[in-house]
Amino acid sequence: MSDTSRGPRRPGKPYRRPKKDPVRILAFDALRAVDERDAYANLVLPPLLRKAREKGDFDARDAALATELVYGTLRRQGTYDAIIAACVDRPLREVDPPVLDVLSLGVHQLLGTRIPTHAAVSATVELARVVLGDGRAKFVNAVLRKVAQHDLDDWIERVAPPYDEDPEDHLAVVHSHPRWVVSALWDSLGGGRAGLERLLEADNERPDVTLVARPGRATTEELLGEEAAVPGRWSPYAVRLAEGGEPGAIEAVRQGRAGVQDEGSQLVALALAAAPVEGRDELWLDGCAGPGGKAALLGALAAQRGATLLASEKQPHRAGLVARALDGNPGPYRVIAADGTRPPWRPGSFDRVLMDVPCTGLGALRRRPEARWRRRPEDLDGFAPLQRALLAGALDAVRVGGIVGYATCSPHLAETRAVVDDLLKQHPEAELVDARPLLPGVPDLGEGPDVQLWPHLHGTDAMYLALIRRTG
């Protein structure tokens, strides 16, 4: 039986097996996992790279290229989809997803990297022959040759609507964000095209890997002794790794004395720990502790003052991650699996409470670029009741004179100020505390009293923090 997937053979011409390119095959496998299993690239890619290195297929340059292909393709997916749509004779929804993934990888090489045009086309067509078969490889070849006729700026001018006619759709295509996300970020920033474009551009840049030296267990001096390490911008415990730095190769990280933690996340924990409380300061709560980064920093800070941290996480497997992060903490702590909306602790038990609530994650699009395509506006309605219930539970858990930190990794107003405003309307015994002085040296913190961090202004994820004191 003939193998029709290879396409018709030319008379007298032997069949040539496609050349397998480990780098591009790995990038394709990662994109398929993101598409088929709703996986996140930052979780899928490391084990794939590790396996390839163990087999001897990859060196550091190969790993860097595979990483760029995966993340670059995901970040620019919206722009590339618009360009591919202009080069095919059918709606994109009728193009098989594996074919679309191969095309997107090819378009990124053509328009988003310095790979020469002929090499980008030929390598992608060879990939298509390996993973799709000869027939669909011809389709890939035809589309990529159309794409190669113009550079990225020319294509954007062709496929994006004029800004004056539809500013949100224009920015959505140019900067590869869903229109609803562009609109939400515009509202959160308070208007102004220049600032919004800087934010959208920052979302498409590869962020530095940031480490935290957990107090009492590691020091920044120790981490700065590592190759490619430079001091953090704002947190006294932060160290950034320049491009190519590998956290897993650092002894302190392997031992859990240091960890990977965005500087914005560190600042949230530091601000809560620095907020003034009236009276005792002995028992702290992290009410949504998974996967454990903030809990590990809070636990170390609590230990310095002789306080105890209770880290609570609803999902047992995530509670296990929290326990792993806190293992070796220099002071007393406890990790439990519990629901913060139906807690096992008594009201008024804690002096400080952090509630970093589940959210859309729109503040971490640099690190999880696929989230922008996965989230929908209706997701906000699903999170809203939980966010309000968790914040109300946090206020109930703190004693009079104690402090609550409400945090989200989203700048969407429906997940930040709207939640806090609702709590303040319903609870006259709660008052906002100005969080800005608790982030010393950090500029552009707005009018307060809450704080919104931004990738384009602070080089952090877009973390939000409101500090609330219980007064009665």
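User: In this predicted model, which loop holds Cys-409?
Analyst: The model is a prediction. UniProt, in an unreviewed entry, lists Cys-409 under "active site". Two elements flank the residue: strand β9, residues 398-408, and helix α19, residues 417-426. Cys-409 therefore sits in the loop between β9 and α19.

User: Is Cys-409 buried or exposed?
Analyst: The relative accessible area of Cys-409 is 16%. Buried means under 20%. Cys-409 is therefore buried.

User: Which residues does Cys-409 contact, leaving aside neighbours within four places in sequence?
Analyst: The partners include Asp-356, which UniProt lists under "binding site" in an unreviewed entry and which is in contact with Cys-409. Other contacts include Asp-461, Ala-462 and Met-463. The full set is Asp-356, Cys-359, Gly-361, Leu-362, Gly-363, Ala-364, Asp-461, Ala-462 and Met-463.

User: Where is Gly-290 placed, and is it buried or exposed?
Analyst: UniProt's unreviewed entry lists Gly-290 under "binding site". The residue lies in the loop between β5 (283-286) and α15 (293-304). Its relative accessible area is 14%, and buried means under 20%. Gly-290 is therefore buried.

User: Which residues, beyond four places in sequence, are in contact with Gly-290?
Analyst: One of the partners is Glu-313, a residue that UniProt also lists under "binding site". The contacts of Gly-290 are Glu-313, Arg-318 and Val-322.

User: What does Pro-291 touch, leaving aside neighbours within four places in sequence?
Analyst: Pro-291 is in the loop between β5 and α15. Arg-318 and Val-322 are among its partners, and Gly-290 is in contact with Arg-318 and Val-322 as well. The contacts of Pro-291 are Arg-318, Leu-321, Val-322 and Ala-325.

User: What is the order of the strands in the open sheet?
Analyst: Start with β3. It pairs antiparallel with β1 (residues 209-213) over four bridges. It also pairs antiparallel with β2 (residues 229-231), over three bridges. The open sheet has four strands, in the order β2-β3-β1-β4.

User: Which strands stand at the edges, and why does each have one side without a neighbour in the sheet?
Analyst: The sheet is open, with antiparallel pairing. Each edge strand has a single partner strand, so one side is left without a neighbour in the sheet. The edge strands are β2 and β4 (258-260).

User: What twist does the sheet average from one strand to the next, and which helix packs on it?
Analyst: The twist averages 30° from one strand to the next. The helix that packs on the sheet touches β1 and β3. Its direction makes about 30° with that of β1. That helix is α14, residues 263-274.

User: Which residue in β3 is the bridge partner of Pro-231?
Analyst: β2 and β3 form a hairpin with six residues between them. Elsewhere in β3, Leu-241 is the bridge partner of Val-209. For Pro-231, the partner in β3 is Val-239.

User: Which residues cover the two faces of β3?
Analyst: Strand β3 spans residues 238-241, and both its faces are covered. Each of the four residues is buried. One side has Ala-238 and Arg-240; the other has Val-239 and Leu-241.

User: Which backbone oxygen does the side chain of Gln-109 reach?
Analyst: Gln-109 is in helix α5, residues 97-111. At 1% relative accessibility, the residue counts as buried. Beyond four places in sequence, Gln-109 touches Arg-24, Leu-69, Ile-115, Ala-120 and Thr-124. Its side chain reaches, at 3.1 Å, the backbone oxygen of Leu-105.

Conventions. Residues numbered from 1 in each chain as written. Predicted model: local features only at pLDDT ≥ 70, side-chain atom pairs only at ≥ 80, totals over all residues. Heavy atoms only, no water. UniProt positions renumbered as here; feature names shortened; annotations may be inferred. Buried < 20%, exposed > 50% of the residue type's maximum accessible area, 1.4 Å probe, protein only. Contact = heavy atoms within 4.5 Å. Polar contact = N/O pair within 3.5 Å; in protein donor to acceptor, adjacent residues only side chain to side chain. Pairing = 2+ DSSP bridges. Axes fitted to C-alpha atoms, helices over the stretch in contact; angles between N-to-C directions.
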